[in-house]
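Reader: I would like to go through this model with you, term by term. Please set each value against its cut-off.

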Amino acid sequence: MSRPADLMRPEVLGQAAYAVPESAGMIKLDAMENPYPWPGELHSAWLEALGGVELNRYPDAGARALTAAIRAAHRVPEEAGCLLGNGSDELIQILISAVQASGRPVLSPVPTFVMYEVLARAAGVPFVGVPLRADFDLDGPALLQAMEEHRPALVFLAFPNNPTGRLYDSRLVAEVIAANPGVTVIDEAYAPFSGHSFLPRAGTPPGLMVMRTMSKLGLAGLRLGYLAASPEWIDALDRLRLPYNINALTQRSVSFALAHARVLDEQAGILREQRARVSAGLARLRGVRRVIPSDANFILFEVARGRGHAVFESLRVAGILIKDVGRAGGPLTDHLRVTVGRPEENSAFLAAVAEALRA
Ligand code: PMP
């Protein structure tokens with residue numbers, strides 16, 4: 001009888017599956033979701049649009065209408081190609097499997113979005129993490145030196161970064177792009193909340209790719225991400241994409257959402273305002289040691305030494321779910337990450353943190 005241990009790498013078996021905590025009935029501020037549903041009339045129009053989808057047929061394999069809608073709505077440069085993924089997670093996986101046989105590692109500043117490392121390790125590709133500075137900005141010299149030493153196939157830069165929310169210095173990012181002998185993926189998952197983007201430069205130079213997702217904008221349930229890159233790269237990566245990776249309901253729903261983008265943009269605007277309010281509210285609390293400046297829809301903050309997990313737990317007991325990123329230890333010790341929610345959710349969060357810190 002063959003068992004997983006006979007056939008799978010110990011490194012993979014040693015990894016925990018991606019854990020999602022139970023959140024039923026809670027104020028959910030842990031996963032960078034947009035807290036707003038669509039207004040009633042839009043919801044009805046969407047349901048009507050879905051009524052025309054033929055579920056007995058495979059979806060459009062090239063998702064052509066949706067790709068055209070994304071290119072127009074997000075102004076993907078004309079010279080660049082565009083590949084859609086079942087969430088940007090799938091695109092990360094495709095990118096890693098594309099370079100798997102090169103023997104060259106994946107490199108990223110750390111701490112960052114965990115899936116770069118998780119998916120690299122799952123594919124047997126070495127991962128090099130280059131520590132960020134204490135203020136969570138890029139350590140330029142260390143990064144450039146690590147790139148020279150390891151000659152990575154892929155460098156992932158989350159811009160803004162998760163879980164820190166920081167937007168790296170654009171000039172440093174441009175230096176990294178120029179110096180990288182491999183591919184630089186600028187992961188702009190939080191673009192709706194940030195004022196800077198490399199999308200207009202996707203594909204120039206050919207190793208520069210820009211990845212986006214619809215998840216944080218308000219469509220996390222649909223699972224759609226895209227990669228803008230040189231046509232040569234998109235053509236090569238497309239060979240690794242599973243057929244029909246974007247299902248018919250997602251294709252129709254995202255096209256519909258893009259035709260009504262104003263609603264989502266307005267929601268993002270409210271969340272940016274609320275971000276300023278929550279950041280200021282946290283900074284005023286005794287027991288909060290620092291609040292990291294955020295260009296995303298979440299905020300990383302540090303509480304008094306040794307209190308991180310206790311504060312997370314008090315919030316959980318009070319019915320508010322945030323993310324205890326400090327459990328990973330290292331530079332994130334006693335740091336917590338809260339997603340910006342609706343004004344009343346944010347008020348409840350700020351009151352509960354104040355209470356937890358008093359205890
Ligand atoms: N990139 C970054 C930086 C993220 O934080 C996330 C989600 N947490 C993703 C990519 C994945 O997004 P999705 O798969 O929902 O498109």
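Reader: What makes the side chain of Ser215 a polar contact of the ligand?

Author: An N or O atom in the side chain of Ser215 is 2.6 Å from an oxygen atom of the ligand. A polar contact is a pair of N or O atoms within 3.5 Å; within protein, one must be able to donate a hydrogen and the other to accept it, and residues adjacent in sequence count only if both atoms are side-chain atoms. The Ser215 pair therefore qualifies. Asn162 offers a polar side-chain atom at 2.8 Å from a ligand oxygen. Asp89 uses a polar backbone atom, 3.1 Å from an oxygen of the ligand.

Reader: How much of the ligand does the protein cover?

Author: Alone, the ligand has 400 Å² of accessible area, and the protein covers 92% of that. Such areas come from the Shrake-Rupley method with a 1.4 Å probe; for residues, only the protein chains shown count as cover.

Reader: On what basis do you read these values?

Author: The model is predicted: local features need pLDDT of at least 70, side-chain atom pairs need 80 or more, and totals for chains, interfaces and linings use all residues. Residues are numbered from 1 along each chain as its sequence is written, and side-chain values use heavy atoms, without hydrogens and water.

Reader: Which elements give two or more residues to the shell around the ligand?

Author: Helix 5 (88-99) and helix 9 (215-219) do. Helices (H or I, at least four residues) and strands (E, at least two) are DSSP runs, numbered from the N terminus. The shell divides into five nonpolar, five polar and four charged residues.

Reader: Why is strand 8 called mostly covered?

Author: Five of its five residues, 225-229, are buried. Buried means under 20% relative accessible area, exposed over 50%, partly exposed in between (1.4 Å probe, protein chains only). Gly225, Leu227 and Ala229 point one way from strand 8, Tyr226 and Ala228 the other, and all are buried.

Reader: How do you know that strand 8 pairs with strand 2 and strand 7?

Author: Two strands pair if DSSP finds at least two bridges between them. Strand 2 (residues 81-85) joins strand 8 by five bridges, antiparallel. Gly81 stands opposite Ala229 there. Strand 7 (residues 208-213) and strand 8 share four bridges, also antiparallel. Val210 faces Ala228 in strand 8.

Reader: What span is expected for helix 14, and what does the model give?

Author: The expected span is 1.5 Å times one less than the number of residues. Helix 14 (residues 343-358) has 16 residues, which gives 22 Å. The model reaches 23 Å from first C-alpha to last, close to that. Its buried residues include Phe349, Leu350, Val353 and Leu357.

Reader: Why is Thr339 called buried?

Author: Thr339 has a relative accessible area of 2%, so it falls under the 20% limit. It lies in strand 12 (residues 335-339). A polar atom of its side chain is 3.4 Å from the backbone nitrogen of Ala31.

Reader: Are Ala63 and Arg151 buried or partly exposed?

Author: Ala63 is buried at 3%. Arg151 is partly exposed at 45%. Ala63 has a positive phi of about 40 degrees and is not a glycine. Arg151 also has a positive phi of about 40 degrees without being a glycine. Most residues other than glycine have a negative phi, and most peptide bonds are trans.

Reader: Which peptide bonds are cis?

Author: Asn162 to Pro163 is one, with omega near 15 degrees. Thr204 to Pro205 is another, with omega near 0 degrees.

How values were computed
Ala, Val, Leu, Ile, Met, Phe, Trp, Tyr, Cys and Pro count as nonpolar, Asp, Glu, Lys and Arg as charged, and the others, Gly among them, as polar.
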